[in-house]
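Visitor: I would like to go through this model with you and ask, for each label, what justifies it.
Guide: Then let us set each value against its cut-off and conclude from there.

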Amino acid sequence: QPRPGSTICREAMAQRSQSLAATAEVRLLRPEEMENLYTFRQSQGELDEWVVPLQRLFGQGYASYVAALKGQELVGCAQLGRLAVGGYFVLRCDFVINLVLVAPSLRRKGIGRELVTELLHRLPGEESSDPFRAWAVVDAHNQAALEFFASMGSAQRVGTLSEVAATSPLVAFALTLSQGALFRDVVVYQLNGRGDGSEYLWKGRLRET
């Protein structure tokens, strides 16, 4: 197993980056691409048509997303949201991964992993005096999603919401409300921030293009 920071590990990471670059470009979503985003989510069966007007009015904006594009075509996206209780009490250090979506023909090529990684770079990492966390709530019967987060070595499987509540009761309550998880069988993952800052930075390590 290559050690982090070793020459072999750096070469392996470079090879993965080159492979991903040949498949898709991961970058910040632009404001004018929101309609394309809604269309993509609808085409993947993730967003109903009647919900789109509500998303335009009340949904989180373009800055909450990262996107994957193949040429000019949107082929993947992921969204990071603030975690709050009832929409009023916002948890400063805890965020939630609301969405990871990649076109079926391009799955298992590292795109989803790269999208999530870029979201984590928005959050202060373990070297910060006050590290941030991202949480993912996955349907316990969604085998593909479970395998995806299990494949990310940085994702810690915490377990059920009851298990989250044992150590972070406010987080568990906020996840239950925001993810509609009260009557669902779910598995919760915790991912630590990877950023260099001391606060949330919506651009992370990416630059506007």
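**Labels and their grounds**

Guide: As a start, this is a predicted model, and helix α2 is followed by Gly-45, whose phi is positive, near 75°.

Visitor: How many helices and strands are there in the protein chain, and what pattern does the chain follow along the sequence?
Guide: The protein chain has seven helices and seven strands, and read along the sequence they follow the pattern α-β-α-α-β-β-β-α-β-α-β-α-α-β. Of its 209 residues, buried ones make up 45%.

Visitor: Why is Gln-79 called buried?
Guide: Its relative accessibility is 7%, and buried means under 20%, so Gln-79 counts as buried. Gln-79 is found in strand β3 and touches, among others farther than four places away in sequence, Val-96, Ile-97, Asn-98 and Leu-99.

Visitor: What makes the pair of Gln-79 and Tyr-65 a polar contact?
Guide: The side chains of Gln-79 and Tyr-65 are joined at 3.4 Å, and the cut-off for such a pair of N or O atoms is within 3.5 Å, provided that one can donate a hydrogen and the other accept it. The value of 3.4 Å therefore satisfies the distance criterion.

Visitor: Why is Tyr-88 called exposed?
Guide: Tyr-88 has a relative accessible area of 78%, and exposed means over 50%, so the label applies to Tyr-88. Tyr-88 has its place in the loop between β3 and β4.

Visitor: Which residues form the nonpolar patch on the surface with Tyr-88?
Guide: Tyr-88 is joined there by Phe-89, Leu-170, Phe-173 and Leu-177, and together the five have about 600 Å² of accessible area. Helix α7 (residues 169-178) gives the largest share of this patch, with three residues.

Visitor: Which residues of helix α2 are buried, and how do you know that they lie on the same side of α2?
Guide: In helix α2, which spans residues 34-43, the buried residues are Met-34, Leu-37, Tyr-38, Phe-40 and Arg-41. They cover an arc of only 160° around the axis, which puts them on the same side of α2. As a general point, an α-helix has 3.6 residues a turn, so residues three or four places apart point the same way.

Visitor: Against which elements do the buried residues of α2 pack?
Guide: The buried residues of α2 pack against α3 (52-58), β2 (65-70), β3 (73-85) and β4 (89-102).

Conventions
Residues numbered from 1 in each chain as written. Predicted model: local features only at pLDDT ≥ 70, side-chain atom pairs only at ≥ 80, totals over all residues. Heavy atoms only, no water. Buried < 20%, exposed > 50% of the residue type's maximum accessible area, 1.4 Å probe, protein only. Helix = DSSP H or I, 4+ residues; strand = E, 2+ residues; numbered from the N terminus. Arc of directions from axis to C-beta. Contact = heavy atoms within 4.5 Å. Patch = residues over 30% accessible without salt bridge, like charges linked within 9 Å, V, L, I, M, F, W, Y side chains within 5 Å. Areas by Shrake-Rupley, 256 points an atom, 1.4 Å probe, with all protein chains shown as cover. Salt bridge = Lys/Arg side-chain N within 4 Å of Asp/Glu carboxyl O.
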